[in-house]
Amino acid sequence: PLGTNRFDSPPTAGSAIPRHTNFFIEGKRPTMRDLSDLPEIPKTARDFIENGAPEGKRATALINAANAMRHAGFDRKHTSVRLVPPALKIHLTPREIATTLKIVFRDNNVKKEPDDE
């Protein structure tokens, strides 16, 4: 029956979920102005958003989707808006999602241009 396990309903704003994902749960989505001039979502990320991932490949699929969005020019906020809901839907924990996004968007993972050195 519904409500018997932690996957039956989405987390609430007061639940133990990383702070940077609360904006989505509380309905604080980016405005159209925030979304203008964004690049096209890469195919890897679109596939994850639309189809999720099979058990055993879920974390890897999220990593690949987040990396694809970062390389396409998306920042962590916009990547989270797109990838957190499907990641929760395939039963990745909020902690797994937050850790993955933190690692993908860590400064030393961003490829520097030669002039930046």
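Start by selecting helix H4: Ala61, Leu62, Ala65, Ala66, Ala68, Met69 and Arg70 are its buried residues. The model on screen is a predicted one. Now show the neighbouring helices as well; the cover over the buried residues of H4 includes H3, H5 and H6. Put a distance between the two end C-alpha atoms of H4. They are 21 Å apart, which agrees with the 21 Å that its 15 residues should span at 1.5 Å a residue. Just past the helix, pick glycine 73, which follows H4 and has a positive phi, near 110°.

**The whole chain**

Zoom out and colour by secondary structure. The chain has 6 helices and 0 strands, so reading from the N terminus gives α-α-α-α-α-α. There are 117 residues, and 31% of them count as buried. Switch on a surface: the accessible area is about 8100 Å², with 50% of that area belonging to carbon and sulfur atoms. Among contacts with a separation of 6 or more, 66% are between residues 24 or more positions apart.

**The nonpolar core**

Next, select Phe48, Leu62, Met69, Leu83, Ala87, Leu92 and Ile97. Within the largest nonpolar core, which has 19 residues, these have the most contacts. At least two core residues come from each of helix H3 (43–51), helix H4 (58–72), helix H5 (76–89) and helix H6 (94–104). H4 gives the largest share, 5 residues. In soluble globular proteins, nonpolar side chains tend to be buried together.

Keep leucine 83 on its own and show what surrounds it. Beyond its neighbours within four places in sequence, leucine 83 touches Ala45, Phe48, Ile49, Leu62, Ala65, Ala66 and Met69.

**Along H5**

Stay with leucine 83 but look at the backbone. H5 bends by about 35° at this residue, and proline 85 follows within four residues. What does the end-to-end distance of H5 look like beside its expected span? The end C-alpha atoms are 19 Å apart, and 14 residues at 1.5 Å a residue should span 20 Å, which agrees.

Colour the buried residues of H5: His78, Thr79, Ser80, Val81, Leu83, Val84, Pro86 and Ala87. Then go to the N-terminal end, where aspartate 75 acts as a cap. One of its side-chain oxygens lies 3.3 Å from the backbone nitrogen of lysine 77. The backbone oxygen of aspartate 75 has a partner too, lying 2.8 Å from a polar side-chain atom of threonine 79.

**Threonine 79**

Select threonine 79, which lies in helix H5. Is this residue buried or exposed? Threonine 79 counts as buried because its relative accessibility is 0%, and the cut-off for buried is under 20%. With neighbours within four places in sequence set aside, its contacts are Ala66, Met69, Phe74, Leu101 and Phe105. Add isoleucine 41 to the selection: the C-alpha atoms of threonine 79 and isoleucine 41 are 9.4 Å apart, although 38 residues separate the two in sequence.

**Arginine 76**

Move back along H5 to arginine 76, which is also found in this helix. Its relative accessibility is 29%, so arginine 76 counts as partly exposed. Now draw a C-alpha to C-alpha distance from arginine 76 to leucine 101. The two are 7.1 Å apart in space and 25 residues apart in sequence.

**Histidine 91**

Finish in the loop between H5 and H6, where histidine 91 has its place. This residue follows H5. Its phi is positive, near 70°, and the residue is not glycine. Most residues other than glycine have a negative phi. Histidine 91 has a relative accessible area of 35% and is therefore partly exposed.

Technical notes: Residues numbered from 1 in each chain as written. Predicted model: local features only at pLDDT ≥ 70, side-chain atom pairs only at ≥ 80, totals over all residues. Heavy atoms only, no water. Buried < 20%, exposed > 50% of the residue type's maximum accessible area, 1.4 Å probe, protein only. Contact = heavy atoms within 4.5 Å. Areas by Shrake-Rupley, 256 points an atom, 1.4 Å probe, with all protein chains shown as cover. Core = buried A, V, L, I, M, F, W, Y, C linked by side-chain atoms within 4.5 Å. Expected span 1.5 Å × (residues − 1). Bend = angle between axes of the 7 residues up to and from the residue. Polar contact = N/O pair within 3.5 Å; in protein donor to acceptor, adjacent residues only side chain to side chain.
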